[in-house]
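User: Please take a close look at how helices cross in this model. Then tell me what lies around the nucleic acid.

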Amino acid sequence: MCDKLNIKKPTLSKSQKRKLKKIEEEKERELLSAKTSELLDKYKISEDVSLLLQSSKAIGRSDTKLEKRRRPMQLSKAGVLSDEPVKEKDDSDSLMDDEPTTPENRILTTLQTDSDQLIHDDELDSKVIMSAEEVCEEDEAKIREEDENMYMNLQRTRRDDDDEEGLQRMDVSEDVTVQGPAFVVHVSRPAEVEQTRKDLPIIMMEQEIMEAINYHPTVIISGKTGCGKTTQVPQFLYEAGFGSKQFSSRSGVIGITQPRRVAVLATAKRVAHELGVRLGQEVGFQVRYDKKIGENSAIKFMTDGILLREVKSDLLLRRYSVIILDEAHERSLNTDILIGMLTRSIKIRQEEYMRQQKFIQTGGTIASEKVISPLKLILMSATLRVEDFVSGQRLFPKPPPVIEVPTRQYSVTIHFSKRTDEVNYMGEAYKKVMSIHKKLPQGGILVFVTGQREVDNLCEKLRKSSKELVVQAARRDASEKKKLDDDGSFGGVDMKEIAEAFDDASNTQDYRFNSFGEDPSETGNVNYDDFDEEDMYESDEESDWETIEDDSLANSLVEDGKKFDALRAAFKALADKKGSESTEPTTSTEAEPEEEKKPFTPGKLRVLPLYAMLSPAAQLRVFEEVEEGERLVVVATNVAETSLTIPGIKYVVDTGRAKAKSFDIKTGMETYEVDWISQASASQRAGRAGRTGPGHCYRLYSSTVFSNTFEESSPPEITRVPVDGVVLLLKSMNIPKVENFPFPTPPEASSIKQAERCLKALEALDSDGRLTPLGKAMSDYPMSPRHSRMLLTVIQMLKEARDYSRANLVLGYAVASAAALSLQNPLIMQFEGENKNEYEDDKQRKKDRKDKIKAARDRFSNPSSDALTVAYVLHSFEAAENGVGFCESNGLHLKTMHEMSKLKDQLLRLVFSCCKSRRGEVMEKRGIVQNPALQQEEELLGEAICAGWADRVARKTRSTEYQACAVQEEPVFLHRWSSLINSAPELLVYSELLRTNKPYMHGATRVKPEWLDPKPYYSRELDRVFCWVVPSFGPHLWELPAHSEEVRDDRYRAAVFGCALLQGEVLPCLKSARALLAGKPETLLEREGWGLERVGSLVTALEKKKIDSLESLRKRWEQNSNLLYPEIEAWFQKKSRHHEIPCDNKSFESLHSTPSTLV
DNA sequence: GAGCACTGC
């Protein structure tokens, strides 16, 4: 069999050979698969034994330490005698307990050399072929014999068992038989896919990876972008029977999470394609608003948020057999929580599995749908920095193995700037791009800057320079024979322009806004007049740059300067070797740029901006082919670091900065700050230059700054953001002590405390920090707790106002407001994609656009609330015939509007599914536009918004200046763009406090004083009426924590008790009769309401008889059983009055003879 | 008179 495969056919041409080989292989494949299935039928064995078979499959490879240790144990378990001593071990232990825990051992596999790969590549056409070839190894027969003996033994023991235990065992053993050696699901990939797959280093590691997964509950796989881990590992699992209904212990779905929606879609499509199946069949996906997944899907791609929701409803994730958390190094909030949750899921599943196995062994039966198998967890990361996951015992009792996958990444040469310009990095970036363009061979340039405005400014400057460069070149060509000396411009770049780029007033102002915001004159480095011609040239001489060959080594190199030269030489040799092996020898791109000194004519620049807020169409332009002779320059924010990979980039210019939102935990004030990125980020940015060939990364900072100032990696999200949502989610999953949750990196204790304070203010937690029913309901909505609180308040209010005809409309507004407050304000228009070179034209257009936006804002503006304004915008957008045109003409951000619309629809569905009575009354979108909310409806919505932001109240001090209760030190301001700017109400709540020039409030809503007063209440425990008191202190009238005390005013006390009585808080029998009430009991609490007949008479009756507690009511009723009868009856609808009033003295007696019914 | 990196249920 082996010989056949190796037969040489020397007389044939290459393609003929290839064809012939293919045919042969096909034949072999058929033959072998027939043989295999024959064997499979013959030997039906247990899982334990199959594991043995798996390891022995790899003939020619010596056993790993792990296998050596495990084998005797498995043999003895399978009932096979073994000479080797058997270490007796609990099964659960054996799953967790593995190699010693030194870091070296944790790396099961390291880089595989390329030569290894060459050999294997030829053999590796498909998994089936591979195993077939292995089977034909010399020792095969011998081992087969041994195995056969083993199976015979096993069959014997099994039969004995069956005899003893009868039919009950049948189900289980049947399952086990299919699990036998056939741990292979046959896959037919398109030929083209097989071809490209072969080149992925990870393909060679399938066995190592699967082995690690088989033996460990958790495995970490690390490999840089492009190593194929995201697409291949799910396929390995699939081929090994995970997700297949045939293997009961692996029948659960393979779940893979991604932090971003686009990545979910892209990878799902890719894997479906590679497996040769249709998306939605074997391979499915789910993101927030989109889902394509079938009953038979074995592989499910999803965002981490989706899985988190699923964990919430089933902690054990019974639907899954494996969970892969991809991009774990990004340390996104959701991924971090999932890691913590899943460590628990694994543990419980394992315990449950053991319990079931024991039960089955003692003769019990378990319905097949209840059978539980262990859950596997795979963390995938682009960096080897996984200490947070493996260190300590918080997460995993035993550190999981780490498998490192090599990447076919081209070498990237790192150039550090020798000096670091603390302020004018934009000028440096401009200079570097122009000098690359002038001196270095073709290849795209990617520049990392911090924000949208920087992107736009730099784009503009570069475009202008490019234009002039072309003009210059043309002129030079024309006058070439005149042999003109250099005319004083740098490669055709006007020096004035360059100076302008540095000195531009608007620019410098921006850059000083960053975190190194000292006075530029003090830092010394910022003399803008410095840039004379000579400096321009010199600044880019080699002497100004420190060059390192491989980014991954940059770290160690800069740490030890002395060894630098020797190391550098060594690594250069390494890099050269790597380069020659892995790249196509295109000499023009292979040559070192430094050696490339010959003059060459720079062509046009194709300058493109890239940031997240850019329209998708504009973003896609970076993927377009560049014209002949053009050079692509992409000026990007952080999007290009993680979310988007641009093809054809050879040079990266890294400013080393990024803008990030920071958050003051005490005041809730947010700011955007420019700060240094982390070393990991820098390495990620550099890697973008090596995707299509060897590249270069120019860092506009020194290696000293890099190693001394840069953090090793960016802090995980959970340490940077408010965690109220996290705390609510965990509490809703029965984790009362959030601080004990096994976070990979726990949030600050103060952060958790603040979150609990917030949730208490929202009444999601009681004073002891326990989840309230309201909190439970809030956690079911896919929003931040504030938004869900607001929505639930509206629903509650509408329920109280029964049969309110416009309830749907109000709900529509509530949902739209929630959606509006959840996203960015769409009224902030982007001036994107406009031709900024046409100056006069541009100015006029800008003005036109501004006027248009202003008019639109006025049209939609609701003077009482920004949220309602945006809600109205949303309804109008949805009603518009042409959404795109609507956004265009009203200056709205299209992407935000689409997102908001989808969010609103999702919320509406959720709300309707909760309030079933209202389902079916489908809301007419057009109807809403024609029916703006009425005054009282606006107030209802305002009150609900107030409930969600009750701790973010501000009171006017003068004009648009406010004092916020969370900010003691300084005033806050109403933003000009707020729709409240003209009305500037006395009191308001804001959803966001952002410091730019001043602390500005965003998302403001007017508040009526009475909405803030905590309502007085009746305490059943104490049988007394209380009201809230907020003491104030000191000259600033600081509010101290609210506390409650008994209501002193007799009449008011009687009214509060009366309200509680009608609400059924006092007598449960009245609670059930509440639907029959003719009016709202809350009217009793408003003094204006006391003028009403039924309100006044009840309050008076209660006050007169001194009834303010159940105790006093009972006493009075004992004296006169008809007391209060008419006053209460007046509260019931007339049609219901001929029925017996549900609560008379008799029922009172019967109800209250047993005190337990009271509480 | 003024601006806001990037994600997600």
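Analyst: Start with one term. A crossing is right-handed if the near helix is turned clockwise from the far one by less than a right angle, and left-handed if the turn is anticlockwise. Keep in mind that this model is predicted.

Now apply the term. Helix α34 passes helix α41 in a right-handed crossing. Find α34 at residues 785–800 and α41 at residues 935–948. Their axes come within 7 Å and cross at roughly 140 degrees. Angles of 65 to 115 degrees count as roughly perpendicular, and those over 145 as roughly antiparallel. The two helices are therefore oblique to each other.

Which residues meet there? From α34 come Arg 786, Arg 789, Met 790, Thr 793, Val 794 and Met 797. They face Leu 940, Leu 941, Glu 943, Ala 944, Ile 945, Ala 947 and Gly 948 of α41. Sort this contact by class and you get eight nonpolar, two polar and three charged residues.

Move on to helices α43 and α45. Look for α43 at residues 1050–1063 and α45 at residues 1093–1104. They pack at an angle of about 115 degrees, and their axes are 8 Å apart. That angle is why the pair counts as roughly perpendicular. Their crossing is right-handed. On the α43 side, the contact uses Asp 1050, Arg 1051, Ala 1054, Ala 1055, Phe 1057, Gly 1058 and Leu 1062. On the α45 side are Gly 1096, Leu 1098, Val 1099, Thr 1100, Leu 1102 and Glu 1103. The class count here is seven nonpolar, three polar and three charged.

Next comes the pair α35 and α37. Helix α35 covers residues 807–822, and helix α37 covers residues 866–879. Their axes come within 8 Å and cross at roughly 105 degrees. So α35 is roughly perpendicular to α37. Gly 812, Tyr 813, Ala 816, Ser 817, Ala 820 and Leu 821 belong to the α35 side of the contact. Ala 867, Leu 868, Val 870, Ala 871, Tyr 872, Leu 874 and His 875 make up the α37 side. There are no charged residues in this contact; 10 are nonpolar and three are polar.

Finally, turn to DNA strand B. It is surrounded by 31 residues. The closest are Arg 261, Ala 612, Gln 824, Arg 976 and Thr 996. Of the strand's atoms that come within 4 Å of the protein, 60% are from sugar and phosphate. Here are some individual contacts. A polar backbone atom of Ala 612 is 2.5 Å from a phosphate oxygen of the strand. A polar side-chain atom of Thr 303 lies 2.8 Å from a phosphate oxygen of DNA strand B. Gln 824 reaches a base instead: an N or O atom in its side chain is 2.4 Å from a base oxygen.

Which elements give two or more residues to this surface? They are α15 (304–313), β16 (657–663) and β24 (999–1002). Helix α15 gives the most, with three residues. By class, the surface near DNA strand B has 14 nonpolar, nine polar and eight charged residues.

Definitions and conventions: Residues numbered from 1 in each chain as written. Chains lettered and ligands numbered in written order. Predicted model: local features only at pLDDT ≥ 70, side-chain atom pairs only at ≥ 80, totals over all residues. Heavy atoms only, no water. Axes fitted to C-alpha atoms, helices over the stretch in contact; angles between N-to-C directions. Helix = DSSP H or I, 4+ residues; strand = E, 2+ residues; numbered from the N terminus. Parallel < 35°, antiparallel > 145°, perpendicular 65-115°, else oblique. Contact = heavy atoms within 4.5 Å. Nonpolar A, V, L, I, M, F, W, Y, C, P; charged D, E, K, R; others polar. Near = heavy atom within 4 Å. Polar contact = N/O pair within 3.5 Å; in protein donor to acceptor, adjacent residues only side chain to side chain.
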